[in-house]
Amino acid sequence: MFLQIALRKKASALTALVTAAAIALLPLPAARAQQKGPPVLRDTETEQLLREYTRPILRAAGLEKQNIQMVILNDGSFNAFVADGRRIFVNYGAILQSETPNQIIGVLAHETGHLAGGHLSKLREQLAAAQTQMIIAMLLGAGAIAAGSTQRSSAGNNGLANAGAAAISAPQEVIRRTLLSYQRQQEENADRAGVKFLTATQQSPKGMYETFKRFTSESLFAARGADPYLQSHPMPAERVAALQEFASSSPYWNKKDDPALQLRHDMVRAKISAFMERPETVYRRYPQTNDSMPARYARAISTYLHGDLRSALAQIDALIQVQPNNPYFYEVRGQALLESGKAAEAIAPLRKAAQLSNNAPLIEMLLGQALVGTDNKTYTDDAVRILRAAVAREPEAVLGYTQLAMAYGRKGDYAEADLASAQAAYLRGDNKTARELATRAKTRFAVGTPGWVKADDIVAAKPPRN
């Protein structure tokens, strides 16, 4: 289930800066630094695969218990980064363009290197020190300008004023270069740490090398003639050469990905292509002459997305015949029916998908939506039960609270309906509506009950700062 969800918290200046603490082979577009941050894509199948990719690496890095989350961003460029010490952000383009599991695993190992090295907290320390230096430089420079101005008014001499301006600009440039040099060193350290984690988990670092090498020519063209000390990352050719030197010594350099894992990787890439690319692009990638499972998966999804439900269902059913225990085929079937206005018919495949996926909360939310969408009140209690369980495990998913509010409304439980609507509004960043709904919910709950306390928390919550 591919869902686009806007991040609730506003992007901070630090987040915009520390995207440099990333693979950053291609920079994030400036539009991604807008106030509400980049939109997030949610999909159980893709997230599960990324978690399996990162789990052994995080264990090797000693971060297994830190609850590091994977976040997929709606950006088609190849990039990944860490920004807050507890999440690894991956553009969908990085997954789509990674031809093997090992290539994206190498990127994730590099980002884990940043987390394990505490690069974000160290960068904050460098920024704090730089700010102190900047303040001193500005004070000294401003003093010189003021003195020069006084002397100029009396003696016609602006030498001190010019010296003051230089005193401000020169330290700024030195500090900027110092910070960029520090970030380049972090990138080199993250490369080495990534190779170390891959070796510890008996995986090849060749994928990391292949990924970096793939973009070298493009980066070199863009960087030709550039000052290497003004780059936040090492110059690409130098970085790739250094990476090859220490990565190729790994005893697992030539180890291949497991064929079953390669198939799962290709299935996810096909799914991303179908949901995120134009149908003509999908059919160029996966023509009718390609009878592989990923190609059939991509075409089935693209077919339903562009209006031919009957053909799409036939294609999905053919996939189910080949892999009858694949929960994501049933999920796509249910989603296709639900989005075509056939909520009642969507219930059975979505129940099967939930069962086979160990009750994945995003799939449960889709099931809850189907139950609510039938307008059959006999499904209401089941919908409430399923949706409550789903939001308990995914407390930041707007869809779950929206559907839960509708289910409670159908039951006539308006206190819980208002509370769920308030939670959905809060997660969307609509704090005004959230407070209004929560205030009304408080009047419907008995004072001190769990519902009243949750509503009171929303009323008292302060909007996140920039």
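How many of the 13 residues of H12 are buried? In the predicted model, the answer is 11, and H12 is accordingly described as mostly covered. The setting is a protein chain whose secondary structure comes to 21 helices and 5 strands. Of the 466 residues in the chain, 48% are buried, and among contacts between residues at least 6 apart in sequence, 66% join residues at least 24 apart.

The buried residues of H12 are Met293, Pro294, Ala295, Tyr297, Ala298, Arg299, Ala300, Ile301, Ser302, Thr303 and Tyr304. The elements that cover these residues include H2, helix H10 (259–276), helix H11 (279–285), H13 and H14. The length of H12 agrees with expectation, because at 1.5 Å a residue its 13 residues should span 18 Å and its end C-alpha atoms are 18 Å apart. Just after H12, glycine 307 takes a positive phi of about 100°.

Within H12, tyrosine 297 also has a place in the largest nonpolar core, which comprises 100 residues; Tyr297, together with Ile88, Val90 and Leu243, touches the most other members of this core. The largest share of the core, 8 residues, is contributed by helix H16 (residues 361–373). When neighbours within four places in sequence are left aside, the contacts of tyrosine 297 are Glu45, Met267, Lys271, Leu319, Tyr328, Phe329 and Val332. Another core, lying apart from the one described above, has 13 residues, among them Ala422, Ala425, Trp452 and Ile458.

Helix H13 (residues 309–322) contains 14 residues, which at 1.5 Å a residue should span 20 Å, and the separation of its end C-alpha atoms, 20 Å, agrees with this value. Its buried residues are Leu309, Ala312, Leu313, Ile316, Leu319 and Ile320. Seen down the axis of H13, these buried residues fall within an arc of 120°, so they line one face of the helix. This arrangement can be set beside the general geometry of an α-helix, in which there are 3.6 residues a turn, so residues three or four places apart point the same way. The buried residues of H13 pack against helix H12 (293–305) and helix H14 (327–339), whereas the face turned away from the buried side carries the exposed residues Arg310 and Gln321.

The loop between H13 and H14 holds asparagine 325, which is exposed, with a relative accessible area of 58%. The C-alpha atom of asparagine 325 is separated by 9.9 Å from that of glutamine 355, although the two residues are 30 residues apart along the chain.

Two further asparagines in loops are notable for their backbone angles. As a general rule, most residues other than glycine have a negative phi. Asparagine 67, in the loop between helix H2 (44–60) and strand S3 (69–73), has a phi near 55°, a positive value in a residue other than glycine. Asparagine 358, found in the loop between helix H15 (343–356) and H16, likewise has a positive phi, of about 60°, although it is not a glycine. Asparagine 67 is exposed, with a relative accessible area of 56%, and asparagine 358 counts as exposed at 61% relative accessibility.

Aspartate 191, by contrast, is buried, with a relative accessible area of 2%, which is under the 20% cut-off that defines the buried class. This residue is found in helix H6 (residues 159–200). With neighbours within four places in sequence left aside, aspartate 191 is in contact with His110, Met208, Phe212, Arg239, Leu243 and Phe246; of these contacts, Leu243 is also one of the residues that touch the most other members of the largest nonpolar core.

The second largest pocket has a volume of about 240 Å³. Its lining comprises 13 residues, of which Arg388, Glu416, Leu419, Gln423 and Lys454 lie nearest its centre. Helix H17 (380–393), helix H18 (398–411), helix H19 (414–428) and helix H21 (450–460) each supply at least two residues of this lining, and the largest share, 4 residues, comes from H19.

Technical notes:
Residues numbered from 1 in each chain as written. Predicted model: local features only at pLDDT ≥ 70, side-chain atom pairs only at ≥ 80, totals over all residues. Heavy atoms only, no water. Expected span 1.5 Å × (residues − 1). Buried < 20%, exposed > 50% of the residue type's maximum accessible area, 1.4 Å probe, protein only. Arc of directions from axis to C-beta. Contact = heavy atoms within 4.5 Å. Core = buried A, V, L, I, M, F, W, Y, C linked by side-chain atoms within 4.5 Å. 1 Å grid on protein atoms, 1.4 Å probe; cavity = no way out; pocket = protein on both sides within 12 Å on 5 of 7 lines; lining within 4 Å. Points joined across faces, edges and corners; volume = space filled by probe spheres on them.
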